[in-house]
Amino acid sequence: MTAPAEAKAAHPTPTQNEKSDDSLLQIRGLNKRFSLSGDFLEQLRFKGGKLVRHQEYVHAINGVDLDIKRGEALCVVGESGCGKSTVARMVMGLITPSEGEIRYAGERIDNLSSRQLLPYRKRMQMIFQNPYASLNPRMTIQQTLEEPLRLHHPDWDREKIEQKVEDVMRSVGIDPDWGKRFGHEFSGGQRQRIAIARALAVDPEFIVADEPISALDVSIQAQVLNLLMEAQQERNLTYLFITHDLAVVEHFGTRVAVMYLGTVCEIATTSTLFAKPRHPYTQALLSAIPRLEDDRPQHIRLSGEVPTPVNLPTGCVFHGRCPHANARCKQEIPVLQTQDDGTRVACHAVEEGRL
Amino acid sequence: MNASSSALPSRWERFRDSYLFYSFKRDMVAQVSLVVFIALVAVAVLAPWLSPMNPYDLAQIDILASELPPFWVEGSDAQYLLGTDAQGRDMLSTILYGARVSLIIGFGAVALQALIGVCFGLLAGYLGGRIDAFLMRLADIQLSFSTLMVAIIVGALVKAIFGGETFSAYAVPLLVLIIGLAEWPQYARTVRASVLAEKNKEYVDAARVMGLRSKRIMFRHVLPNTLSPIFVISTVQIANAIISEAALSFLGLGMPETHPSLGSLIKSGFDYIQSGSWWITLIPGALLVVLVLSINLLGDWLRDVMNPRLYKG
């Protein structure tokens, strides 16, 4: 392993992980707040004749625990604004967590400098949502694909790099002769494949895919999804797959984590989750999938809106819209609890057997 | 796919098919401005070979032939097409050499502005936070001094400390330095604004995920995507720098009369305009107007072409 040895000594392995041997990525107690108040001078307010410092935060992520096992595809679903992408970006080190820790193969990575993170960049890569923005418009495809190789394999000669670029282009179904073209000369699906090729070029073992098909035409989505699944089989990849498309989850995911307002409310294997959703939010979410045989739809209609993440609700973040909420839900924050079939649910009603 | 479409277009073919060239072909004003500008630059660059005499060479100057009018006015000498100035220098040669000095200062000052402004703008926009606040306040402070005031103070100080001789000898680099330092915030602000827009795009995140260093992301990924506004303000800034230099020279703080730019020619002729020798001031003045106008019209056209709302290049 390329990880520095002293990092292991400095940070003891987490105590609460049950199955650390097969989990590639561990997220513990992750929190992220974004300040809304600007710099120090803008935070000063007059209140009752006194100058006070007033700070406001968006609580984007509130205590997320996740384990991603080697070789699986963990799908994270939830409506927009629930913090799916923020989790993905924190895992990749694009933003730093306010609290909590992220471990990759047992080593803590959330507090490393960009130079210390470099060996991990080769092992974990990311695919972005918008293929129209994720390729540099001033660089040719060849340059785009060569750049990560030159950085991570400074000892490779020109011939070897070109050979690798050609291989990786072939593996995503892009003609290597097109390398001298620019990103804007390709269609959305082709661009997303090039973006996938860029991620695969350094031979990673873990890929974070942030809604990689939601910006694509429906006819192209299946192609790209199949490409991702092929790559998983050939290279034994592990995915953290962010999406809001439940049909994709059913097709692609090994396990599913459902998020609501910056918290994980349920984690289960895909088949269990679709067969037997436990959390009231998951139940409402799954009931919203349109079915062909739907002549008597039984959607669970949730009242109200998602509360603002600036002033979080007390207790369970879902209690305001939950049909099963009681007094305890308004006060006590539920934690993920393992059920007898391995599903983990954060819900007082499930725990008390009311549901 | 047939053979011709799979073959890659060359750089020239790509340019010929570009929107830039297309809109240039359809814009008369831009074409005329470009021709005028290139012609002026060409004669200025080739001044030592084109001009009838060398105005810096005192041996060629005949004081008896001073204040001769241009050829279409009575009393002119066919040897001096545009007449002579008060010291007997051939106006045509002096103007060609003067345009050369003006253009050198204009381009030099803009290169310096661009160098400082682009670096500061990139750093401020990409790194943000305190560096951003510091550099932008610095830019605000710089902008609150007018170019002329900075130039007058620096020029006066240099003259006082090192004497007029030294000032004359180093007038060109000094003017480049003064005008370059006075106007860098224009670049820094423009670059910062477009860096702020670019740095949230996913290709920058992709470069960060790849593990590239900030320096490489800034110069290799972000900077090439902010070039359009840099080109546009460069044209305006070259015109501005030439005007600034002319204004400074007119005030006597620029090029010395022994080594005149267009501005100092206008100034030297200004004393004789009352006595009927209008050509010493008006001809270099007209040339200055034509030069600046052609640059500004080109800049105008470029701004329209590169406007991302009309066309995203």
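Which are the buried residues of helix 8 of chain B? In this predicted model, they are B:T147, B:A151 and B:G155, and the report returns to them after an outline of chain B.

## Chain B in outline

The secondary structure of chain B consists of 14 helices and 0 strands, and the C-alpha trace of this chain spans about 75 × 60 × 30 Å along its principal axes. Of its 313 residues, 42% count as buried. Among the contacts in chain B with a separation of 6 or more, 70% are made by residues 24 or more positions apart.

An unreviewed UniProt entry lists residues 28-50, 101-129, 141-161, 222-243 and 278-299 of chain B under "transmembrane region". Two of these spans can be set beside the model: residues 28-50 of chain B are 96% helix and 0% strand, with their end C-alpha atoms 29 Å apart, while residues 278-299 of chain B are 95% helix and 0% strand, with a distance of 31 Å between the end C-alpha atoms.

## The kinked helix 8 of chain B

Helix 8 of chain B covers residues 147-169, and although a straight helix of 23 residues would span 33 Å at 1.5 Å a residue, the end C-alpha atoms of this helix are only 22 Å apart. The helix carries a kink of about 120°, centred on B:G163.

The buried residues named at the start, B:T147, B:A151 and B:G155, pack against two other helices of chain B, namely helix 9 (171-198) and helix 12 (227-250).

## The surroundings of B:Y126

B:Y126 belongs to helix 6 of chain B, which runs over residues 91-127. This residue counts as buried because it has 24 C-beta neighbours inside 10 Å, the cut-off for that class being 20 or more.

Apart from its neighbours within four places in sequence, B:Y126 is in contact with B:V195, B:K199, B:S214, B:M218 and B:V222. B:R192, which is 66 residues away from B:Y126 in sequence, has its C-alpha atom 7.8 Å from that of B:Y126.

## The 8-stranded sheet of chain A

Chain A contains an open sheet of 8 strands with mixed pairing, in the order 8-9-10-5-11-12-14-13. Its edges are formed by strand 8 (124-127) and strand 13 (337-338) of chain A, each of which pairs on one side only. Within this sheet order, strand 11 (residues 255-260) and strand 12 (residues 263-269) of chain A run antiparallel and are joined by 6 bridges, with A:V258 standing opposite A:E266 in strand 12.

Helix 7 of chain A, made of residues 188-200, lies across strand 8 and strand 9 (206-210) of chain A, and it runs at about 170° to strand 8.

## The 4-stranded sheet of chain A

An open sheet of 4 strands in chain A has the order 4-1-6-7, and its pairing is antiparallel. Strand 4 (57-69) and strand 7 (107-108) of chain A each have a single partner strand, so one side of each is left without a neighbour in the sheet.

Strand 1 (residues 23-35) of chain A pairs with strand 4 of chain A in the antiparallel sense over 10 bridges, and A:F34 stands opposite A:V58 in strand 4. Helix 3 (residues 84-91) of chain A lies across strand 1, strand 4 and strand 6 (99-104) of chain A, running at about 115° to strand 1.

Conventions: Residues are numbered from 1 along each chain as its sequence is written. Chains are lettered from A and ligands numbered from 1 in the order in which they are written. This is a predicted model: local features need pLDDT of at least 70, side-chain atom pairs count only at pLDDT 80 or more; totals for chains, interfaces and linings use all residues. A residue is buried if 20 or more other C-beta atoms lie within 10 Å of its own, exposed if 12 or fewer, and partly exposed in between; C-beta atoms are placed from the backbone. Two residues are in contact if their C-beta atoms, placed from the backbone, lie within 7 Å. UniProt positions are given in the numbering used here, feature names are shortened, and annotations may be inferred rather than shown by experiment. Two strands pair if DSSP finds at least two bridges between them. Axes are lines fitted to C-alpha atoms, for helices over the stretch in contact, and angles run from 0 to 180 degrees between N-to-C directions. The expected span of a helix is 1.5 Å times one less than its number of residues. The bend at a residue is the angle between axes fitted to the seven residues ending there and the seven starting there.
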